[in-house]
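Open the model in your viewer and keep the sequence panel visible. The tour goes from one selection to the next and says what is there.

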Amino acid sequence: MEFAAPWWLLLLAVIPFWGVWRWWRMRRSGGLRYSNSGAAFAAPRGWRPYIAGMPVVIRMAAMTLGILALARPQIRDVTQEHYAEGVDIVLVLDISTSMRAEDFRPNRFEAARSVAAEFVRGRVSDRIGLIVFAGKAYTQTPLTLDYAFLLSMLSEVSVGEIEDGTAIGTALATAVNRIKDTDAKSKVIILLTDGQNNRGEVDPVTASEVAATLGVRIYAVGVGAYGEAPYVVNTPFGGTRRQMIPVEIDEDMLRSVSENTGGQYFRATNKDALRNIYTEIGELETSEIETLTYTNYEDRYTRYLWPALLLILLELLLSSTILRRFP
């Protein structure tokens with residue numbers, strides 16, 4: 001609750017002084033005059049002298065409530081409406097077998113999936129879709145605002161469920177086809193891969209030129225340490241062993257793909273670096289949120305005014321009946 005005219009509350013400081021003045025005046029002014037008041041003091045006293053000051057107390061209470069009513073107490077009801085112009089984002093995730101390399105913990109794929117899930121949880125009002133690719137590309141999740149569904153579908157992705165290879169161009173073409181007809185002001189593709197384009201019929205640079213024509217921006221992320229990375233392979237005897245494999249990321253191609261569309265290329269050599277890259281991309285691609293605030297005020301002065309009037313009537317009734325003074 002708040003007061004629309006709070007300056008009236010300053011009058012509350014006057015009420016105690018008024019009460020003291022009335023008490024002093026009552027003590028100074030007598031009632032009936034007697035030549036000898038000794039017998040009156042000796043007479044038994046009833047209950048009326050003990051409540052003789054009741055009208056003053058009631059008047060002070062009425063004045064307090066009246067001042068509170070003059071200050072116009074109000075209840076404020078605030079309603080906010082949020083209008084968000086989100087970004088359409090397609091995550092393009094490489095799930096080729098090379099993503100099992102363990103230069104990330106526990107491996108590249110698990111680190112990439114974990115950081116992508118964190119990125120999704122941090123977005124607001126953005127439609128996000130998911131494309132997975134290896135030798136071919138598939139839409140795992142179309143553009144959606146249902147982040148719980150998207151995260152569920154992301155958790156079901158695994159390495160090896162698509163024939164092996166790295167069809168980067170096909171994956172980009174699939175993502176562009178998913179996002180090209182949307183009405184979003186900003187359209188973004190985040191491509192994450194650890195290899196070179198070696199499958200598919202579409203060249204990645206050609207796919208990026210189509211994306212640029214359609215107003216789609218591509219952020220490319222190359223994942224993998226420099227040099228060699230540990231990789232677990234199966235042995236002929238049914239076991240596994242770890243061997244070092246060369247890290248071969250076509251950075252020139254990924255840089256060209258991103259720069260053609262006005263995006264950027266990033267290189268991540270560990271999970272923390274990958275997380276920072278997604279954070280930076282998130283800051284570059286922010287949603288525009290407009291907030292409209294409606295405020296409704298409801299006056300509540302009557303809850304003080306009516307009790308004040310009732311107290312004044314009670315004071316007048318007592319002062320003119322059982323607490324009446326003579327003369």
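On this tour, a contact means heavy atoms within 4.5 Å. The model is predicted, so local features are taken at pLDDT of at least 70 and side-chain atom pairs only at pLDDT 80 or more, while totals for chains, interfaces and linings use all residues. Residues are numbered from 1 along each chain as its sequence is written, and side-chain values use heavy atoms, with hydrogens and water left out.

**The whole chain**

Show the chain as a cartoon. It has 10 helices and 11 strands. Helices (H or I, at least four residues) and strands (E, at least two) are DSSP runs, numbered from the N terminus. Of its 327 residues, 40% count as buried. Buried means under 20% relative accessible area, exposed over 50%, and partly exposed in between (1.4 Å probe, protein chains only).

Now turn on a surface. The accessible surface of the chain comes to about 18600 Å², and 54% of it belongs to carbon and sulfur atoms. Such areas come from the Shrake-Rupley method with a 1.4 Å probe; for residues, only the protein chains shown count as cover. Among contacts between residues at least 6 apart in sequence, 81% join residues at least 24 apart.

**Stop 1: T170**

Select T170, in helix α6 (residues 168-179). T170 counts as buried because its relative accessibility is 17%. Leaving out residues up to four places away in sequence, T170 touches A137, G200, E201 and V202. Next add R199 to the selection: T170 and R199 are 29 residues apart along the chain, and their C-alpha atoms are separated by 8.2 Å.

**Stop 2: K187**

Move to K187, in strand β6 (residues 186-193). Is K187 buried or exposed? K187 has 10% relative accessibility, so it counts as buried.

Show the side chain of K187 and look for polar contacts. A polar contact is a pair of N or O atoms within 3.5 Å; within protein, one must be able to donate a hydrogen and the other to accept it, and residues adjacent in sequence count only if both atoms are side-chain atoms. The side chain of K187 reaches the backbone oxygen of K180 at 2.9 Å. A polar atom of the K187 side chain also lies 3.0 Å from the backbone oxygen of T182.

Residues up to four places away in sequence aside, K187 touches a list of residues including D88, I179, D181, L214 and R217. For a distance to draw yourself, pick the C-alpha atoms of K187 and A211: they are 9.6 Å apart in space, with the two positions 24 residues apart in sequence numbering.

**Stop 3: helices α7 and α8**

Two packed helices are described by the angle between their axes and the distance between the axes. Select α7 (residues 204-213) and α8 (residues 251-260); their axes come within 8 Å and cross at roughly 10 degrees. Therefore α7 is roughly parallel to α8. Angles under 35 degrees count as roughly parallel, over 145 as roughly antiparallel, 65 to 115 as roughly perpendicular and the rest as oblique. The axes are lines fitted to C-alpha atoms, for helices over the stretch in contact, and angles run from 0 to 180 degrees between N-to-C directions.

Show the side chains in the contact: P204, V205, S208, E209 and A212 of α7, and M253, S256, V257 and N260 of α8.

Stay on S208 in helix α7. S208 is buried, with a relative accessible area of 0%. Its side chain makes a polar contact with the side chain of N260 (3.1 Å). Beyond four places in sequence, S208 touches I218, V257, N260 and T261.

**Stop 4: R113 and P106**

Select R113 in helix α4 (residues 108-121). R113 has a relative accessible area of 16% and is buried. Apart from neighbours within four places in sequence, R113 is in contact with L154, S155, E156 and V157.

Go back along the chain to P106, in the loop between β3 (87-94) and α4. The peptide bond from R105 to P106 is cis, with omega near 0 degrees.

**Stop 5: two positive phi angles**

Select R72, in the loop between α3 (54-70) and β2 (73-85). R72 is not a glycine, yet its phi is positive, at about 55 degrees. R72 is partly exposed, with a relative accessible area of 38%.

End at S125, in the loop between α4 and β4 (127-133). Phi of S125 is positive too, near 65 degrees, in a residue other than glycine. S125 is partly exposed, with a relative accessible area of 33%.
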